[in-house]
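Colleague: Could you walk me through how the labels in this model were assigned? I would like to see each value set against its cut-off.

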Amino acid sequence: MPFKVFVTRLLPPETQARLESLPFQLTQWKEDRSIPREELIKQVKGVDGLLCLLTDRIDDEILDAAGPQLKMITTMSVGYDHIDVPAVRARNIELGYTPDVLTDATADLTVLLTLAAARRMKEGMAAAANGEWGAWRPTWLCGSQFSNKTLGVVGMGRIGMATAQRLIPFGIRRVIYWGRREKPELKSSLPLAEFTASLDTLLEASDYVVVCCALTPETKDLFDAKAFDKMKKTAVFVNTARGGIVKQDDLVHALKEKKIAAAGLDVTTPEPLPPSHPLYHLPNCVILPHIASATFETRERMATMCVENVLAASKGEAIPFKLH
(Lines give C-alpha, C1' and ligand atoms only; values in the text may rest on other atoms or scores of the structure.)
Protein backbone atom coordinates (compact mmCIF):
# COMPACT_ATOMS: atom_id res chain seq x y z
CA MET A 1 0.00 0.00 0.00
CA PRO A 2 1.37 3.44 -0.90
CA PHE A 3 2.04 5.85 1.93
CA LYS A 4 -0.91 8.23 2.21
CA VAL A 5 -0.03 11.82 3.00
CA PHE A 6 -2.12 14.95 3.27
CA VAL A 7 -0.52 18.38 2.83
CA THR A 8 -2.49 21.38 4.04
CA ARG A 9 -1.12 23.91 1.50
CA LEU A 10 0.83 24.19 -1.74
CA LEU A 11 4.57 24.25 -1.06
CA PRO A 12 7.18 26.56 -2.64
CA PRO A 13 7.67 25.59 -6.31
CA GLU A 14 10.89 23.56 -6.21
CA THR A 15 9.80 21.50 -3.22
CA GLN A 16 6.27 21.14 -4.57
CA ALA A 17 7.65 19.62 -7.77
CA ARG A 18 9.75 17.20 -5.76
CA LEU A 19 6.78 16.27 -3.55
CA GLU A 20 4.68 15.43 -6.59
CA SER A 21 7.46 13.23 -7.99
CA LEU A 22 7.67 11.00 -4.92
CA PRO A 23 5.77 7.69 -4.67
CA PHE A 24 3.17 8.86 -2.16
CA GLN A 25 -0.58 8.75 -2.38
CA LEU A 26 -0.74 12.53 -2.15
CA THR A 27 -3.76 14.64 -1.27
CA GLN A 28 -3.29 18.38 -0.93
CA TRP A 29 -5.26 21.53 -0.16
CA LYS A 30 -4.34 23.77 -3.09
CA GLU A 31 -6.25 26.96 -2.39
CA ASP A 32 -4.23 29.99 -1.33
CA ARG A 33 -5.88 30.24 2.08
CA SER A 34 -5.90 28.24 5.29
CA ILE A 35 -7.78 25.00 5.03
CA PRO A 36 -11.16 25.20 6.80
CA ARG A 37 -11.36 23.11 9.94
CA GLU A 38 -14.14 20.88 8.64
CA GLU A 39 -12.17 20.20 5.45
CA LEU A 40 -9.06 19.28 7.43
CA ILE A 41 -11.09 16.83 9.52
CA LYS A 42 -12.43 15.29 6.32
CA GLN A 43 -9.10 15.06 4.50
CA VAL A 44 -6.98 13.53 7.27
CA LYS A 45 -9.12 10.43 7.52
CA GLY A 46 -6.98 7.35 6.86
CA VAL A 47 -3.69 9.15 6.15
CA ASP A 48 -0.30 7.88 7.28
CA GLY A 49 1.40 11.28 7.27
CA LEU A 50 0.30 14.89 7.71
CA LEU A 51 2.27 17.94 6.59
CA CYS A 52 0.71 21.01 8.20
CA LEU A 53 1.36 24.71 8.78
CA LEU A 54 1.27 26.83 11.92
CA THR A 55 -2.22 27.97 10.88
CA ASP A 56 -3.56 24.43 11.37
CA ARG A 57 -4.61 23.51 14.89
CA ILE A 58 -3.73 19.86 15.49
CA ASP A 59 -5.50 18.39 18.52
CA ASP A 60 -7.45 15.33 19.64
CA GLU A 61 -10.26 16.09 17.20
CA ILE A 62 -7.89 15.96 14.23
CA LEU A 63 -6.01 12.93 15.56
CA ASP A 64 -9.27 11.05 16.14
CA ALA A 65 -10.43 11.94 12.63
CA ALA A 66 -7.15 10.70 11.13
CA GLY A 67 -7.29 7.31 12.79
CA PRO A 68 -4.82 4.98 14.50
CA GLN A 69 -2.70 4.41 11.38
CA LEU A 70 -1.34 8.00 11.48
CA LYS A 71 2.43 7.62 11.88
CA MET A 72 3.89 11.09 11.45
CA ILE A 73 3.02 14.78 11.58
CA THR A 74 5.46 17.41 10.36
CA THR A 75 4.84 21.15 10.59
CA MET A 76 6.41 23.70 8.29
CA SER A 77 7.39 25.91 11.20
CA VAL A 78 9.84 26.24 14.05
CA GLY A 79 7.06 26.96 16.53
CA TYR A 80 4.65 24.20 17.49
CA ASP A 81 2.20 25.85 19.87
CA HIS A 82 -0.55 25.03 17.34
CA ILE A 83 -0.03 21.32 18.04
CA ASP A 84 -1.19 19.43 21.12
CA VAL A 85 2.19 17.78 21.64
CA PRO A 86 1.14 15.53 24.59
CA ALA A 87 -1.82 14.23 22.58
CA VAL A 88 0.45 13.42 19.63
CA ARG A 89 3.02 11.67 21.82
CA ALA A 90 0.34 9.71 23.68
CA ARG A 91 -0.48 8.07 20.35
CA ASN A 92 3.18 7.33 19.49
CA ILE A 93 3.02 9.60 16.44
CA GLU A 94 6.36 11.04 15.34
CA LEU A 95 6.36 14.83 15.32
CA GLY A 96 8.61 16.81 13.00
CA TYR A 97 9.32 20.52 12.59
CA THR A 98 11.86 22.82 10.88
CA PRO A 99 14.49 23.80 13.46
CA ASP A 100 17.43 26.16 12.94
CA VAL A 101 16.26 27.28 9.53
CA LEU A 102 14.67 30.67 10.27
CA THR A 103 17.56 32.26 12.11
CA ASP A 104 19.01 34.53 9.43
CA ALA A 105 15.70 35.56 7.86
CA THR A 106 14.09 36.29 11.22
CA ALA A 107 17.11 38.16 12.57
CA ASP A 108 17.20 40.29 9.41
CA LEU A 109 13.55 41.21 9.82
CA THR A 110 13.97 41.92 13.53
CA VAL A 111 16.68 44.43 12.67
CA LEU A 112 14.46 45.91 9.96
CA LEU A 113 11.59 46.42 12.42
CA THR A 114 13.91 47.88 15.04
CA LEU A 115 15.27 50.37 12.52
CA ALA A 116 11.83 51.17 11.12
CA ALA A 117 10.33 51.83 14.54
CA ALA A 118 13.33 53.77 15.85
CA ARG A 119 13.57 56.00 12.76
CA ARG A 120 9.80 56.55 12.46
CA MET A 121 9.62 54.98 9.02
CA LYS A 122 5.83 54.56 9.07
CA GLU A 123 5.33 58.27 9.72
CA GLY A 124 7.98 59.22 7.18
CA MET A 125 6.47 57.13 4.39
CA ALA A 126 3.02 58.53 5.14
CA ALA A 127 4.35 62.10 5.15
CA ALA A 128 6.03 61.60 1.77
CA ALA A 129 2.94 60.03 0.22
CA ASN A 130 0.43 62.48 1.73
CA GLY A 131 2.14 65.69 0.72
CA GLU A 132 3.42 66.59 4.19
CA TRP A 133 7.00 66.68 2.94
CA GLY A 134 7.82 70.38 3.03
CA ALA A 135 10.77 72.56 3.87
CA TRP A 136 13.51 71.07 6.06
CA ARG A 137 12.80 71.38 9.79
CA PRO A 138 15.37 70.71 12.51
CA THR A 139 13.33 68.25 14.55
CA TRP A 140 10.76 66.94 12.06
CA LEU A 141 10.45 63.12 12.17
CA CYS A 142 13.53 62.74 14.34
CA GLY A 143 13.96 59.27 15.74
CA SER A 144 16.74 57.54 17.62
CA GLN A 145 19.97 55.93 16.46
CA PHE A 146 21.87 52.98 17.91
CA SER A 147 25.20 54.60 18.77
CA ASN A 148 26.15 54.01 22.42
CA LYS A 149 22.75 52.47 23.21
CA THR A 150 21.74 49.34 25.12
CA LEU A 151 20.02 46.40 23.48
CA GLY A 152 17.87 44.08 25.58
CA VAL A 153 17.27 40.60 24.15
CA VAL A 154 14.48 38.52 25.67
CA GLY A 155 15.41 34.97 24.74
CA MET A 156 19.04 34.58 23.67
CA GLY A 157 18.62 31.60 21.40
CA ARG A 158 19.89 31.46 17.83
CA ILE A 159 17.62 34.25 16.62
CA GLY A 160 18.39 36.45 19.61
CA MET A 161 22.13 35.94 19.08
CA ALA A 162 21.91 36.63 15.35
CA THR A 163 19.89 39.78 15.97
CA ALA A 164 22.42 41.10 18.50
CA GLN A 165 25.31 40.30 16.15
CA ARG A 166 23.60 42.31 13.41
CA LEU A 167 22.82 45.31 15.62
CA ILE A 168 26.21 45.66 17.32
CA PRO A 169 27.88 47.08 14.18
CA PHE A 170 25.32 49.91 14.26
CA GLY A 171 27.02 51.14 17.43
CA ILE A 172 25.26 49.25 20.24
CA ARG A 173 27.62 49.43 23.25
CA ARG A 174 25.87 47.03 25.64
CA VAL A 175 23.76 43.89 25.22
CA ILE A 176 21.69 42.53 28.11
CA TYR A 177 19.85 39.25 27.77
CA TRP A 178 17.28 37.43 29.89
CA GLY A 179 16.13 33.84 29.60
CA ARG A 180 16.04 30.50 31.33
CA ARG A 181 19.78 30.40 31.99
CA GLU A 182 23.03 32.21 31.53
CA LYS A 183 25.04 31.15 28.48
CA PRO A 184 28.79 31.29 29.27
CA GLU A 185 29.57 30.21 25.70
CA LEU A 186 28.54 33.69 24.53
CA LYS A 187 31.70 35.19 26.03
CA SER A 188 33.61 34.30 22.88
CA SER A 189 30.94 34.74 20.20
CA LEU A 190 29.15 37.75 21.71
CA PRO A 191 31.50 39.41 24.20
CA LEU A 192 29.22 42.43 24.78
CA ALA A 193 26.43 40.19 26.08
CA GLU A 194 25.70 40.11 29.80
CA PHE A 195 23.08 37.95 31.47
CA THR A 196 20.52 39.20 33.95
CA ALA A 197 18.23 36.95 35.98
CA SER A 198 15.88 39.91 36.40
CA LEU A 199 13.66 40.90 33.49
CA ASP A 200 13.01 44.19 35.28
CA THR A 201 16.72 45.03 35.08
CA LEU A 202 16.70 44.46 31.32
CA LEU A 203 13.55 46.55 30.83
CA GLU A 204 14.83 49.46 32.90
CA ALA A 205 18.24 49.60 31.20
CA SER A 206 17.43 48.91 27.55
CA ASP A 207 16.91 51.42 24.76
CA TYR A 208 15.75 48.65 22.44
CA VAL A 209 13.91 45.56 23.65
CA VAL A 210 13.61 42.69 21.17
CA VAL A 211 11.55 39.60 21.93
CA CYS A 212 13.03 36.38 20.54
CA CYS A 213 11.78 33.78 23.05
CA ALA A 214 9.31 30.93 22.61
CA LEU A 215 5.69 31.20 23.68
CA THR A 216 5.33 29.03 26.79
CA PRO A 217 3.04 29.14 29.82
CA GLU A 218 5.82 31.14 31.52
CA THR A 219 6.15 33.73 28.74
CA LYS A 220 2.47 34.15 27.90
CA ASP A 221 1.47 37.80 28.48
CA LEU A 222 5.01 38.47 29.72
CA PHE A 223 4.82 41.99 28.35
CA ASP A 224 1.93 43.61 30.17
CA ALA A 225 1.26 47.08 31.58
CA LYS A 226 3.72 46.53 34.43
CA ALA A 227 6.47 45.57 31.99
CA PHE A 228 5.89 48.56 29.73
CA ASP A 229 5.82 50.87 32.77
CA LYS A 230 9.35 49.71 33.63
CA MET A 231 10.74 50.58 30.20
CA LYS A 232 12.26 53.90 29.22
CA LYS A 233 9.88 56.38 27.63
CA THR A 234 12.33 56.50 24.72
CA ALA A 235 12.46 52.71 24.37
CA VAL A 236 11.60 50.82 21.18
CA PHE A 237 9.86 47.44 21.59
CA VAL A 238 10.09 44.77 18.87
CA ASN A 239 8.40 41.36 18.77
CA THR A 240 9.13 38.79 16.06
CA ALA A 241 8.47 35.76 18.31
CA ARG A 242 4.79 35.13 19.13
CA GLY A 243 1.88 37.50 19.66
CA GLY A 244 0.79 35.74 22.84
CA ILE A 245 3.91 36.94 24.65
CA VAL A 246 2.40 40.43 24.66
CA LYS A 247 -0.76 41.61 26.37
CA GLN A 248 -1.85 43.54 23.33
CA ASP A 249 -4.30 45.97 24.93
CA ASP A 250 -1.55 47.00 27.33
CA LEU A 251 0.77 47.64 24.39
CA VAL A 252 -1.86 49.85 22.76
CA HIS A 253 -2.12 51.86 25.98
CA ALA A 254 1.66 52.14 26.34
CA LEU A 255 2.02 53.48 22.80
CA LYS A 256 -0.93 55.86 23.05
CA GLU A 257 0.23 57.28 26.36
CA LYS A 258 3.87 57.50 25.19
CA LYS A 259 5.04 55.19 27.96
CA ILE A 260 7.37 53.82 25.28
CA ALA A 261 8.44 55.51 22.06
CA ALA A 262 7.54 52.96 19.41
CA ALA A 263 6.95 49.33 18.55
CA GLY A 264 7.66 47.01 15.64
CA LEU A 265 5.60 43.83 15.36
CA ASP A 266 5.70 40.84 13.04
CA VAL A 267 3.37 38.84 15.27
CA THR A 268 0.03 39.70 16.86
CA THR A 269 -3.01 38.20 18.54
CA PRO A 270 -5.02 37.16 16.62
CA GLU A 271 -3.43 36.54 13.25
CA PRO A 272 -4.38 38.01 10.94
CA LEU A 273 -5.00 41.14 12.98
CA PRO A 274 -8.28 42.80 11.87
CA PRO A 275 -7.70 46.06 9.93
CA SER A 276 -9.85 47.90 12.47
CA HIS A 277 -7.46 47.11 15.34
CA PRO A 278 -6.16 50.21 17.16
CA LEU A 279 -2.52 49.21 16.66
CA TYR A 280 -2.78 49.96 12.94
CA HIS A 281 -3.89 53.51 13.64
CA LEU A 282 -0.99 54.42 15.89
CA PRO A 283 1.76 56.36 14.10
CA ASN A 284 4.42 54.83 16.36
CA CYS A 285 3.60 51.19 15.62
CA VAL A 286 4.97 49.32 12.59
CA ILE A 287 3.16 46.05 11.84
CA LEU A 288 4.11 43.33 9.36
CA PRO A 289 1.96 40.23 8.60
CA HIS A 290 4.15 37.53 10.21
CA ILE A 291 6.69 37.40 7.38
CA ALA A 292 9.93 36.89 9.34
CA SER A 293 10.71 33.69 7.45
CA ALA A 294 9.44 35.00 4.11
CA THR A 295 12.49 34.60 1.91
CA PHE A 296 12.51 32.20 -1.00
CA GLU A 297 15.60 30.49 0.39
CA THR A 298 14.13 29.93 3.84
CA ARG A 299 10.70 28.78 2.73
CA GLU A 300 12.13 26.28 0.25
CA ARG A 301 14.41 24.91 2.97
CA MET A 302 11.51 24.61 5.44
CA ALA A 303 9.38 22.77 2.90
CA THR A 304 12.29 20.48 1.98
CA MET A 305 12.80 19.53 5.63
CA CYS A 306 9.13 18.57 5.88
CA VAL A 307 9.28 16.48 2.72
CA GLU A 308 12.41 14.74 4.07
CA ASN A 309 10.41 13.87 7.19
CA VAL A 310 7.55 12.47 5.12
CA LEU A 311 9.94 10.47 2.96
CA ALA A 312 11.67 8.93 5.98
CA ALA A 313 8.34 8.02 7.60
CA SER A 314 7.16 6.40 4.36
CA LYS A 315 10.22 4.11 4.50
CA GLY A 316 9.73 3.27 8.16
CA GLU A 317 12.82 5.27 9.12
CA ALA A 318 13.26 7.79 11.91
CA ILE A 319 12.42 11.27 10.68
CA PRO A 320 15.49 13.54 10.44
CA PHE A 321 13.89 16.73 11.79
CA LYS A 322 12.15 15.47 14.89
CA LEU A 323 10.85 17.43 17.87
CA HIS A 324 12.48 15.83 20.92
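Modeller: Gladly! A disulfide is a pair of cysteine sulfur atoms within 2.5 Å. Please keep in mind that this is a predicted model, where local features need pLDDT of at least 70, side-chain atom pairs count only at pLDDT 80 or more, and totals for chains, interfaces and linings use all residues. Residues are numbered from 1 along each chain as its sequence is written, and side-chain values use heavy atoms, with hydrogens and water left out.

Colleague: How do you know that C285 has no bond to C212?

Modeller: C212 holds the closest cysteine sulfur to that of C285, but the two are 17 Å apart, so they are too far for a bond. The sulfur of C306 is also too far for a bond, with the closest cysteine sulfur, in C52, 7.8 Å away. The structure holds 0 disulfides.

Colleague: What makes C285 buried?

Modeller: Buried means under 20% relative accessible area, exposed over 50%, and partly exposed in between (1.4 Å probe, protein chains only). C285 has 0%, so it counts as buried.

Colleague: Why is the pair of Y177 and F195 called tilted?

Modeller: Rings of Phe, Tyr and Trp (its six-membered ring) pair if their centres lie within 6.5 Å; planes under 30 degrees apart count as stacked, over 60 as edge-to-face and the rest as tilted. Here the centres are 5.4 Å apart and the planes at 55°, so the pair is tilted.

Colleague: And why is F195 called partly exposed?

Modeller: Its relative accessibility is 25%, so F195 counts as partly exposed, whereas Y177 is buried at 3%.
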